[in-house]
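This report looks at aromatic rings and at the packing of two helices. Please view the sequence and the structure before reading on.

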Amino acid sequence: MELELRHLKTVRAIADAGSLTRAATALGLAQPALSAQLKRIERALGGELFERGRHGVRATALGELVLERARVVLPAVTGLQQEAARFARSPRPTACLRLGGTHGPLLGALVDRLADVVPDTRVTTCTSWSERQLAELLTEGRLDFALAGTCGSAAPPGAEELLWQEVAVDPVFVMVPEGHAVAAAHEVALTELADEEWACVPGDGCFGDCFTASCARAGFAPRRMYETDTSSLVHLVQVGRAVGLCRATFPTTPGIVTRPLRGTPLTWRHLLGRHAVAQYTDNRDDADNAATAATVLAQARRAHAGVAARSESYTEWLASRRVP
């Protein structure tokens, strides 16, 4: 016999009633029938669940274990049933968008904007360090859109099956602690950092090779590169262990300043990818598909503009390049 929810309810009813007689009355069963059912449950679980005495029943150690699990499982199943019933009765979202993105502020900003622009659309997110993994998820139809990027003009992953559209192009900045020798400079030459160790977030594109080539053109080889998560990257910079490489949109962080590199030797292209043939999770016609893609792209560009505007160093860099 396989254990079922009704068996857990029976065990709980016996424990709550304190006797088989009272439990049988509560369950609307004859006492012999309840006793027989309890024996079948005990055989399935491998031991006695209750000790029987003149004053009723008391849970054994095994019984306490089963009751402990039942107190978790039964309310959870009841909650699921209630939530499913509410969902079935309520109007369903008109659309669902599955968004992917690399780590950074842009994905969150896009979700925020979509919540205002298309409030009836249910949005789910997936993040990854790997642009290739995001491309694979798009190709397999497991994501509708992905925010990824490439170093400079490098081709995005999965270009044959996917459509990538440019959101924005950012310079790559350096992150240094506030007390660093170059912290007050308007821009920094790579040669000024030749003796530093470096840190950046991981990726599977050509960014590392491009950085090494930029250093070679400046006349040095980087001493060491730490590839790590964002929090560890910030820590390494804050304690002066490394100089960080980041997109210009990197948010303001206590104890750290971001500065542009002189000559902009490195750039990052933000891209929005989707399958060449739309594979959304809900049913839409071609016109709806095109409208959805246009909306997401427009909001991604606005999200980037908003993120860029919150970076003082990036705002100053952009202002310095505007033609009077």
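## Aromatic pairs

There are five aromatic pairs in this predicted model. A pair of aromatic rings is described by how far apart the centres lie and by the angle of the planes.

One of the pairs is formed by Phe207 and Trp268, with 6.4 Å centre to centre and 75° between the planes. This pair counts as edge-to-face because its angle is over 60 degrees. Phe207 belongs to helix α7 (residues 207–217) and Trp268 to strand β11 (residues 267–275), so the pair ties together parts that are 61 residues apart in sequence. Phe207 and Trp268 are both buried.

## A pair within one helix

Tyr314 and Trp317 also form an aromatic pair, and this pair is tilted: the distance is 6.0 Å centre to centre, with 40° between the planes. Both residues lie in helix α10 (residues 312–320), three residues apart, which is about one turn of the helix.

Tyr314 has a relative accessibility of 3% and Trp317 a relative accessible area of 13%. Both count as buried, because the cut-off is under 20%. Together with Phe173, Tyr314 and Trp317 form one aromatic cluster.

## Packing of α2 and α3

Helix α2 (residues 20–27) packs with helix α3 (residues 31–45) at an angle of about 105°, and their axes are 9 Å apart. The two helices are therefore roughly perpendicular to each other.

On the α2 side, Leu20, Thr21, Ala23, Ala24 and Leu27 meet Gln31, Leu34, Ser35 and Leu38 of α3. Of the residues in this contact, six are nonpolar, three are polar and none is charged.

Terms used:
Residues are numbered from 1 along each chain as its sequence is written. This is a predicted model: local features need pLDDT of at least 70, side-chain atom pairs count only at pLDDT 80 or more; totals for chains, interfaces and linings use all residues. Side-chain values use heavy atoms; hydrogens and water are left out. Rings of Phe, Tyr and Trp (its six-membered ring) pair if their centres lie within 6.5 Å; planes under 30 degrees apart count as stacked, over 60 as edge-to-face and the rest as tilted. Helices (H or I, at least four residues) and strands (E, at least two) are DSSP runs, numbered from the N terminus. Buried means under 20% relative accessible area, exposed over 50%, partly exposed in between (1.4 Å probe, protein chains only). Axes are lines fitted to C-alpha atoms, for helices over the stretch in contact, and angles run from 0 to 180 degrees between N-to-C directions. Angles under 35 degrees count as roughly parallel, over 145 as roughly antiparallel, 65 to 115 as roughly perpendicular and the rest as oblique. Contact means heavy atoms within 4.5 Å. Ala, Val, Leu, Ile, Met, Phe, Trp, Tyr, Cys and Pro count as nonpolar, Asp, Glu, Lys and Arg as charged, and the others, Gly among them, as polar.
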